[in-house]
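Colleague: I'm new to this one, so could you take me through it slowly? I'd like to know the reason behind each label you use.

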Amino acid sequence: MSSALIADITAPSVNYYMLAPILIVLGGAVLSVLVEAFYPRESRRSAQIALVLTTLVVAFLAVLNIKVDAILGFTIVNSLAIDGVSVFLQGLIILSALVGALLISENRIDPLGDAFAAQSSALPGSEDELAFTERGWYQTEIWSLFLFSVGGMLIFPIANDLLTLFVALEVMSLPLYLLVGMARRRRLLSQEAALKYFVLGAFSSAFMLYGSALVYGFANSVELGDIAKALSASAANSNLMLVGGIFILIGLLFKVGAAPFHQWTPDVYQGAPTAITAFMSAGTKVAAFGALLRVFYVALSGLAWDLSAVLWAIAIITMLVGTIIGVAQSDIKRMLAYSSIAHAGFLLLGVIAQSKAALDGSLFYLAGYAFTSLGAFAVVSLVRDASGEANHLGQWAGLGKRSPVIASVFTLFLLALAGIPLTSGFVGKFAVFAAAYEKGLAPLVVVAVIASAIAGFFYVRVIVLMFFTDASGDEVSVVVPSFATAAAITITAVVTIVLGVIPQPVFDLLSNALFLK
Amino acid sequence: MELNNFILLSAILFSIGAVGVLVRRNAIVVFMSVEMMLNAANLAFVTFAKANGSIDGQVIAFFVMVVAAAEVVVGLSIIVSIFRTRRTASIDEASLLKF
């Protein structure tokens with residue numbers, strides 16, 4: 001028996017050309033660990049920032065270098081699928097990470113330093129913490145963690161088997177759990193957010209893993225293509241497969257922040273340093289929806305009928321929870337978190353619809369949402385009072401009179417989130433809703449339109465607060481940021497408008513974006 | 001050897017773990033419950049590998065162990081830092097973030 005097993009093993013073929021973006025990012029992460037170990041403290045921060053930005057730019061060039069038509073295919077024993085969707089999502093994730101890195105590198109808006117604790121091992125409020133802060137130390141490990149997380153995000157949406165999916169999920173999430181807990185201000189809040197994110201994240205990934213085990217028992221393989229074959233080959237759907245499929249969906253729906261698995265979203269978005277919130281609201285959403293779309297379109301399409309009731313219910317609950325509870329929020333970061341839950345609900349329509357048009361719409365939606373969300377959180381990080389960020393909505397009153405430019409840019413992002421024409425949000429929503437309607441999902445589209453209207457109320461409320469309400473007297477100021485944050489806000493605002501006015505180039509780009517089955 | 005028994009055992013372990021996460025207060029115990037869920041999945045993988053006559057499931061179990069170890073490092077560091085701040089590892093005590 002053993003000789004037979006050994007004879008079976010052949011070296012896997014690895015297509016380095018297709019893997020280049022992932023290898024570059026993970027290689028950069030390893031280099032970043034070395035910089036952490038060997039560089040003197042004074043110059044470490046600038047070295048890390050230079051390394052991270054270079055890595056991301058080179059990785060983006062590597063993505064552009066992949067010619068989608070020429071080399072579609074699987075690599076490393078079918079564990080990764082490089083197809084049109086992968087290339088688009090990888091490019092999008094790297095661009096979001098670049099903007100995120102610009103925000104994380106910001107150290108001008110807080111007089112004490114960047115957004116992260118000087119030494120996150122020092123107790124909050126202790127003399128050590130004070131001493132480290134006075135010495136002007138920076139926690140530069142964040143850059144290694146950041147790059148590892150980006151590496152996980154790049155693998156997550158292109159994983160073609162359930163094991164790779166699970167490992168990528170953890171590589172993406174574990175660094176994020178830590179980054180969430182490292183804020184410089186309001187550290188108790190930040191640590192608590194990290195704990196909640198970690199416990200719920202580990203819980204949901206355990207569900208996903210157990211679901212993978214059940215699916216493996218049914219299909220005798222964890223490859224997505226084999227699972228689809230096993231599903232179509234079996235006459236009656238087995239309960240093993242159904243339960244396994246639902247468990248896998250629970251894990252993925254948790255990551256996209258769909259109700260009833262959304263509880264972590266507002267807490268983590270509020271507690272995390274705002275730059276990290278911006279990065280994860282874009283990157284995690286894109287990566288997780290990419291993975292959800294792939295698993296659902298490639299592996300579970302045979303279960304679509306069995307799962308439709310569950311998915312309809314989840315989509316409706318998600319849209320309503322996101323908008324209705326969002327209306328009641330008084331914290332700007334929590335409000336944006338509920339907005340992201342609502343957007344997850346809208347995007348679920350694209351998952352359920354299962355058509356090429358729905359896929360295109362979802363990918364466009366993700367592209368628009370990623371930049372809008374990055375920009376919105378970037379603006380949030382600028383509005384401050386003496387103790388840090390002024391996140392209470394009441395403190396935003398009258399902002400339009402004091403800093404009209406920032407208030408106008410924020411209005412643009414809010415309008416895009418609400419889906420007003422001439423912004424990327426409108427085009428994305430329209431594409432997804434139209435595709436869903438064509439596939440006979442009219443009831444869901446009606447709920448989505450109503451939810452959009454309710455959501456519009458809380459976006460407009462903030463706009464009214466900024467422009468037509470007098471300041472409450474709290475000392476709130478808009479800090480002038482360094483070049484990095486200014487560039488990030490400019491880029492995201494321009495992308496939000498350009499995608500809204502001339503969306504066609506992106507749809508042309510998506511025309512050959514299909515899943516490899 | 002009746003393989004169904006092993007699957008049943010893994011389902012029971014998974015359920016105990018899931019209930020443990022939901023009802024226990026101590027972060028360490030919650031964390032142990034999560035590990036139990038992962039190990040239940042491992043048992044299922046290995047059993048199905050035996051039942052289906054492929055070794056994929058056994059290899060996957062190794063990957064899961066590695067991931068679980070990494071998760072322990074991250075999870076314990078978060079729990080320890082919270083414990084040092086608050087002198088408690090109770091999940092319910094950490095309740096600053098509320099609606």
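Colleague: Which residues make the nonpolar surface patch?

Modeller: Bear in mind that this is a predicted model. The patch is made by Leu422(A), Val494(A), Ile497(A), Val498(A), Val501(A) and Ile502(A), and it covers about 520 Å².

Colleague: Why is Leu422(A) called exposed?

Modeller: Its relative accessible area is 59%, and exposed means over 50%, so Leu422(A) earns the label. As for its place, Leu422(A) sits in the loop between helix H17 (404-418) and helix H18 (424-438) of chain A.

Colleague: And Ser424(A), is that buried or exposed?

Modeller: Buried: its relative accessible area is 2%, set against a cut-off of under 20%. Ser424(A) belongs to helix H18 of chain A. Not counting residues up to four places away in sequence, Ser424(A) touches Phe364(A), Gly368(A), Thr372(A), Thr496(A), Leu499(A) and Gly500(A).

Colleague: What makes Asp114(A) count as buried?

Modeller: The relative accessibility of Asp114(A) is 2%, and buried means under 20%, so the word applies. Asp114(A) is in the loop between helix H4 (84-104) and helix H5 (127-134) of chain A. Its side chain reaches the backbone nitrogen of Phe116(A) at 3.2 Å. Leaving aside neighbours within four places in sequence, the contacts of Asp114(A) include Arg45(A), Tyr138(A) and Arg184(A).

Colleague: Where is Met18(A), and how far in space is Gly73(A) from it?

Modeller: Met18(A) is in helix H2 (residues 16-38) of chain A. Met18(A) and Gly73(A) are 8.9 Å apart, C-alpha to C-alpha, with their positions 55 residues apart in sequence. Met18(A) is buried too, because its relative accessibility is 2%, where the limit is under 20%.

Colleague: What makes Gly17(B) buried?

Modeller: A relative accessibility of 0% is under the 20% cut-off, so Gly17(B) counts as buried. You'll find Gly17(B) in helix H1 of chain B. Apart from neighbours within four places in sequence, Gly17(B) is in contact with Ser33(B), Met36(B) and Met37(B).

Colleague: Let's turn to salt bridges. What makes Arg44(A) and Glu36(A) a salt bridge?

Modeller: Their side chains meet at 3.1 Å, N to O, and the rule asks for a side-chain nitrogen of Lys or Arg within 4 Å of a carboxyl oxygen of Asp or Glu. So the pair passes. Both Arg44(A) and Glu36(A) are buried. Arg294(A) and Asp83(A) form another salt bridge, with the closest N and O atoms 3.1 Å apart.

Colleague: Why say that Arg294(A) and Asp83(A) tie parts together?

Modeller: Arg294(A) lies in helix H12 (residues 274-299) of chain A, while Asp83(A) lies in the loop between strand S2 (80-82) and H4 of chain A, so the pair ties together parts that are 211 residues apart in sequence. Arg294(A) and Asp83(A) are both buried.

Colleague: How do you know that Asp267(A) and Lys196(A) form a salt bridge?

Modeller: The N to O distance is 3.3 Å, and the cut-off is within 4 Å. Asp267(A) is in helix H11 (residues 264-271) and Lys196(A) in helix H8 (residues 187-219), both of chain A, so this pair ties together parts 71 residues apart in sequence.

Colleague: Why do Asp267(A) and Lys196(A) get the labels buried and partly exposed?

Modeller: Asp267(A) has a relative accessible area of 10%, which is under 20% and therefore buried. Lys196(A) has 21%, and that falls between the 20% and 50% cut-offs, so Lys196(A) is partly exposed. Both residues are in a network of salt bridges with Glu192(A), Arg334(A) and Arg86(B).

Colleague: How many salt bridges are there between chain B and chain A?

Modeller: One. The side chains of Arg86(B) and Glu192(A) meet in a salt bridge at 3.4 Å, N to O. On chain B's side of the contact with chain A, H3(B) gives the most, with 18 residues.

Colleague: How many residues are in contact, and how much area do the chains bury?

Modeller: 46 residues of chain B are in contact with 43 residues of chain A. The two chains bury about 3900 Å² between them, 78% of it on carbon and sulfur atoms.

Conventions
Residues numbered from 1 in each chain as written. Chains lettered and ligands numbered in written order. Predicted model: local features only at pLDDT ≥ 70, side-chain atom pairs only at ≥ 80, totals over all residues. Heavy atoms only, no water. Patch = residues over 30% accessible without salt bridge, like charges linked within 9 Å, V, L, I, M, F, W, Y side chains within 5 Å. Areas by Shrake-Rupley, 256 points an atom, 1.4 Å probe, with all protein chains shown as cover. Helix = DSSP H or I, 4+ residues; strand = E, 2+ residues; numbered from the N terminus. Buried < 20%, exposed > 50% of the residue type's maximum accessible area, 1.4 Å probe, protein only. Contact = heavy atoms within 4.5 Å. Buried area = accessible area lost by both parts, 1.4 Å probe. Polar contact = N/O pair within 3.5 Å; in protein donor to acceptor, adjacent residues only side chain to side chain.
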